[in-house]
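Biologist: Could you take me through one part of this model closely, namely the place where the two chains meet, and then follow the second chain onwards from there? I'd like the cut-offs spelled out as you go.

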Amino acid sequence: MSLSRNDVAKVGLLARLALSETDLDTMTRELSTIVGFVSQLEQIDTTDVAPLAHPLDTQNVFRADIPQPSLTTAQALQSAPRHDGECFLVPAVLGDSGAN
Amino acid sequence: MTATPTAAAPFTTVIGLEVHVQLQTRTKLFCGCATTFGAAPNTQVCPTCLGLPGSLPVMNRTAFELAVRAALALGCQIAPFTKWDRKNYFYPDLPKGYQISQFDLPFSSQGALEVVDPKGALTRNVRITRVHLEEDAGKSMHDETAGTGDTRIDLNRAGTPLCEIVSEPDLRSPQEARAWLNELKLLLVYLGVSDCNMQEGSLRVDANVNLHIPCDGGRIAKTPIVEIKNMNSFRSVERALVYESARQYEEWQATKAEMGKTPKQTRGWDDPAGVTRAQRHKEESSDYRYFPEPDLVPVTVSEEWLAATREAMGDPPSVLREALAATWKIPPYDADVLVNQGRELVAYFEDLAARVGEGKVASNWMQQDVLRTLNERGGSIDDFPVRPAAVADIIGRVAKGDFDTSRAREIFAEVLASGRTVDEVVASMGIAAVDDDELITLCRELLAANPRVVADVQGGKEQAAAGLIGQAKKKNPNVNPGKVRAMCLELIRQM
């Protein structure tokens with residue numbers, strides 16, 4: 001199993017990593033080794049094995065719909081690189097947002 | 001370019017909708033932060049919804065149950081086993097770098113919602129592909145006029161429970177899409193799933209639209225699908241779809257471009273300008289690399305749980321319309337008008353109809369007097385000062401012949417304006433029932449003064465008696481016109 005440079009460049013873009021040409025060479029080689037190692041699992045016959053959604057054999061964990069104290073705004077913002085006392089500040093983003 | 005479609009469009013408009021509704025919970029989906037609308041920025045946040053390291057989500061039971069209630073009301077199959085997945089993308093209003101959503105095993109699928117138009121024009125069954133439960137993102141605010149170049153992020157909304165409802169592309173006109181959304185909203189409000197307040201962002205709609213254009217040789221050309229976003233009202237949805245179908249037809253005539261040859265385009269609705277505009281296409285954004293959310297365990301829904309949820313659900317509007325029409329013997333149109341005003345108004349009507357004993361009379365009063373004045377005043381029917389007992393009292397006196405309907409309307413208006421009882425208003429307006437002796441005296445005077453009318457009636461023209469009613473009302477505003485007419489005719493016969 002080997003990955004192409006293009007595969008790695010795309011993964012880098014999705015992860016917002018700036019990869020140089022040299023980085024791409026290194027990452028393509030190293031990621032291919034990792035994927036190759038994991039792909040050994042494909043040798044196992046899983047015909048009769050049900051897909052696993054979660055490693056724990058536990059289901060239906062809920063909490064009641066009862067409000068709990070939130071943080072104060074100052075606490076919420078304290079680790080932000082930049083804020084104005086009310087909101088987190090980030091470089092201007094334009095375009096679509098929100099849940100899709 | 002014109003946004004007005006021709007009367008007989010040379011194409012079929014094919015529409016599917018994606019609706020996000022905020023579930024009516026007190027707290028967020030995965031943490032105990034409140035979901036109160038309008039709170040100061042970043043006052044309803046905690047380590048979990050801020051996505052801080054080491055925090056873990058725990059599912060809100062009420063959110064899950066409300067989502068199941070919505071899905072059941074939409075006739076969906078409820079999956080016996082469901083799980084959540086991470087949808088990965090980078091955006092500043094998404095602090096974890098992923099949204100917890102549902103990918104391959106949504107909790108429900110394969111439902112339908114019918115729009116029933118009492119006039120028949122917009123009746124259609126629309127299939128529901130799936131309903132799933134996910135969390136909302138935060139809110140980004142960019143004030144270009146401030147000139148700071150910063151975007152401000154408020155995460156109060158991050159983690160709010162949303163139900164996503166996806167329809168099949170079964171709608172065939174912008175008007176139908178709007179009617180269907182109205183029905184969906186009514187259903188969700190009736191069942192207490194969501195308040196569906198679009199101004200507060202509790203209901204958001206995206207629309208997928210393309211055209212099927214018959215060509216020579218019976219082939220159907222399909223235009224590329226466009227997803228429209230940014231519509232802030234159902235009216236905007238209708239306008240955007242009207243505009244977009246006309247735009248696609250013009251584009252097709254110019255380019256003959258068909259579906260599948262170009263990637264799906266996203267366009268934003270510019271409401272003031274009344275146009276859709278292409279949004280920047282981010283090629284990489286479609287790769288969300290979903291994988292199962294390891295921090296949440298799956299949910300299994302037992303038959304007992306489903307039965308209990310069904311039990312607690314109450315009647316959906318479609319069932320209520322039929323029940324109301326059958327119980328009170330009112331036309332489907334009346335039942336539709338009443339049910340569309342919400343559960344509280346239906347309760348008011350049923351109280352009134354039971355007191356009056358005649359559904360149609362009660363329904364007429366609801367539509368002509370109660371609803372009209374309620375709309376003028378604003379507010380809810382529960383706060384409407386004239387209660388069903390008072391309206392029934394007024395209607396009862398009309399039935400007894402104390403006064404006619406137009407006089408009754410004045411009394412209703414006065415009870416509403418003054419806050420006094422019907423008895424007090426009737427007394428203060430000098431409205432006293434006219435007894436038969438008074439009526440006979442009055443009618444004799446009228447006949448003596450109008451020999452021409454008497455002659456006409458004797459000559460077979462009974463309708464001439466109508467001319468006496470106006471004069472009778474002038475002499476005594478409390479007389480009942482029907483009684484005046486009957487009495488005059490009787491007296492003429494005895495002559």
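Modeller: Happy to; here is the chain contact, then the sheet that goes with it, then the helices and domains beyond.

A word on conventions before we start. This is a predicted model, where local features need pLDDT of at least 70, side-chain atom pairs count only at pLDDT 80 or more, and totals for chains, interfaces and linings use all residues. Residues are numbered from 1 along each chain as its sequence is written, while chains are lettered from A and ligands numbered from 1 in the order in which they are written.

Let's begin with the interface. On the chain B side 49 residues are in contact with 36 residues of chain A (contact means that the C-beta atoms of two residues, placed from the backbone, lie within 7 Å). Five elements of chain B each supply at least two residues of that side: β2 (59-60), α2 (61-73), β9 (139-142), β10 (150-154) and β18 (299-300). Helices (H or I, at least four residues) and strands (E, at least two) are DSSP runs, numbered from the N terminus. β10(B) gives the most, with five residues. By class, the side of chain B that touches chain A has 19 nonpolar, 16 polar and 14 charged residues; here Ala, Val, Leu, Ile, Met, Phe, Trp, Tyr, Cys and Pro count as nonpolar, Asp, Glu, Lys and Arg as charged, and the others, Gly among them, as polar.

Strands also pair across the two chains. Strand β1 of chain A (residues 62-63) pairs with β2(B) in the parallel sense over two bridges, and A:R63 stands opposite B:N60. Two strands count as paired if DSSP finds at least two bridges between them. An open three-stranded sheet with antiparallel pairing runs in the order β2(A)-β10(B)-β9(B). Its edge strands are β2 (88-91) of chain A and β9 of chain B, each pairing on one side only. From one strand to the next, the twist averages 35°. Within chain B, β9(B) and β10(B) are joined antiparallel over four bridges, with B:M141 opposite B:R152.

Now for the helices of chain B. α3 (residues 174-190) and α4 (residues 234-255) pack with their axes 8 Å apart, at an angle of about 160°. Axes are lines fitted to C-alpha atoms, for helices over the stretch in contact, and angles run from 0 to 180 degrees between N-to-C directions. α3(B) and α4(B) are therefore roughly antiparallel to each other; angles under 35 degrees count as roughly parallel, over 145 as roughly antiparallel, 65 to 115 as roughly perpendicular and the rest as oblique. Among the residues that meet are B:L181 of α3(B) and B:F234 of α4(B). The residues of this contact divide into seven nonpolar, two polar and two charged.

α3(B) also turns up at a domain boundary. Chain B is assigned domain 1 (12-304), domain 2 (315-428) and domain 3 (436-494), with bounds from an automatic or database domain assignment. The C-alpha centres of domain 1 and domain 2 of chain B lie 38 Å apart, and nine residues of domain 1 are in contact with nine of domain 2. The largest share of the domain 1 side, four residues, comes from α3(B). By class, that side has eight nonpolar, no polar and one charged residues.
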